[in-house]
Amino acid sequence: MTWNPTGVISGAISPFDREGGIDWESFAKHLHHLASARFTGVLINASMAEGGHLTAAERDEALAFAVREIGDRVPVLATVYGSHTAEAADEARRAAETGARGLLVYPHPAFGGEPLDPELPVAYFREIWQAAALPMIVFRTPASLAPTLTLEALQRLSETEGVVAVKDSTGDLGFYTDGGPGSQFLAADSPLRVLADHDPVLLPFLRAGAHGATVISSVVDPARYVDL
């Protein structure tokens, strides 16, 4: 199944039982509900779905479960964390072997600080691509959550094999519009697709030309989010 990094990609919530483990029955119902919508992908183990609080084994198990349940109906995407490059690459490799169709790569803490040498994230993404050969989404976060990738880093990543989109949760619409430094990425033929991920400015991002959205709030009313 070919995956296209446009449209609405929904995060999947991780439901837990009273013992703190994943509630697989509820998870299955949730996944099938998402698969019945017109999402262009379902993202597993995202940060707002508690993915960062699961062990690597739990993330692998949740991803494998999702692929088995809905992988034949909608592209299932995996979130890659990793405390270092080799670990992130290995997590990506396992995701590919499991049947994931794409990756959301969480920014590494080493990307923090100024100035950021763009070759640092480029090398990181290259290693992940070599391990998994899956389309990758760059996660551009607000500084309060994780390092915010600079324009120079995004430009270099847009030239890096396997990098297809940026999930932007900064809410900084001006970065992409009104002659902003990242306005090039809103072009219809941009090699780096912009996926909006900040609910208060979701509509302005889409009106400005964002190629899609990657949001977990879409689980509340899938049809309405897709219709946006």
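A cavity, as the word is used here, is a set of points on a grid over the protein atoms where a 1.4 Å probe fits but cannot get out, and the residues lining it have an atom within 4 Å of such a point. With that in hand, let's walk through this predicted model, starting from the inside.

How many cavities of 30 Å³ or more does the structure hold? There is 1, and the volume of the largest cavity comes to about 60 Å³. If you would like to find it on your screen, pick out N45, R59, D60, L63, A78, T79, V80, E91 and A95, which together form its lining. Three elements, namely helix α2, strand β3 (76-80) and helix α3 (85-98), each contribute at least two of these residues. Sorted by class, the lining of this largest cavity is made of 4 nonpolar, 2 polar and 3 charged residues.

Helix α2 is a good place to continue, since it also packs against another helix. Spanning residues 56-70, α2 has an axis that comes within 10 Å of the axis of α1 (residues 24-35), and the two cross at roughly 50°. The pair is therefore described as oblique, and the crossing of α1 past α2 is right-handed. Which residues make the contact? From α1 come W24, F27, A28, L31, H32 and A35, while α2 brings E61, A62, F65, A66, E69 and I70. By class, this contact counts 9 nonpolar residues, 1 polar and 2 charged.

Further along the chain there is a second helix pair to look at. Helix α4 (residues 119-132) packs with helix α5 (residues 151-158) at an angle of about 35°, and their axes lie 9 Å apart. Here, too, the crossing is of the right-handed kind, with α4 passing α5. On the α4 side, the residues involved are E119, P121, V122, F125 and R126, and they meet A153, R156 and L157 of α5. The contact of α4 with α5 has 5 nonpolar and 3 charged residues, with no polar ones.

Finally, let's turn to the open spaces. The largest pocket encloses about 330 Å³ of space. Its lining is made up of 18 residues. Which of them lie nearest the centre of the pocket? They are M48, K167, S169, D197 and I216, a handy set to select when you want to bring the pocket into view. Taken as a whole, the lining of the largest pocket divides into 9 nonpolar, 6 polar and 3 charged residues.

Terms used: Residues are numbered from 1 along each chain as its sequence is written. This is a predicted model: local features need pLDDT of at least 70, side-chain atom pairs count only at pLDDT 80 or more; totals for chains, interfaces and linings use all residues. Side-chain values use heavy atoms; hydrogens and water are left out. Axes are lines fitted to C-alpha atoms, for helices over the stretch in contact, and angles run from 0 to 180 degrees between N-to-C directions. Helices (H or I, at least four residues) and strands (E, at least two) are DSSP runs, numbered from the N terminus. Angles under 35 degrees count as roughly parallel, over 145 as roughly antiparallel, 65 to 115 as roughly perpendicular and the rest as oblique. A crossing is left-handed if the near helix is turned anticlockwise from the far one by less than a right angle, and right-handed if clockwise. Contact means heavy atoms within 4.5 Å. Ala, Val, Leu, Ile, Met, Phe, Trp, Tyr, Cys and Pro count as nonpolar, Asp, Glu, Lys and Arg as charged, and the others, Gly among them, as polar. On a 1 Å grid over the protein atoms alone, a cavity is a set of points where a 1.4 Å probe fits but cannot get out, and a pocket is an open set with protein on both sides within 12 Å along at least five of seven lines; lining residues have an atom within 4 Å of a point. Grid points are joined across faces, edges and corners, and a volume is the space filled by probe spheres set on the points.
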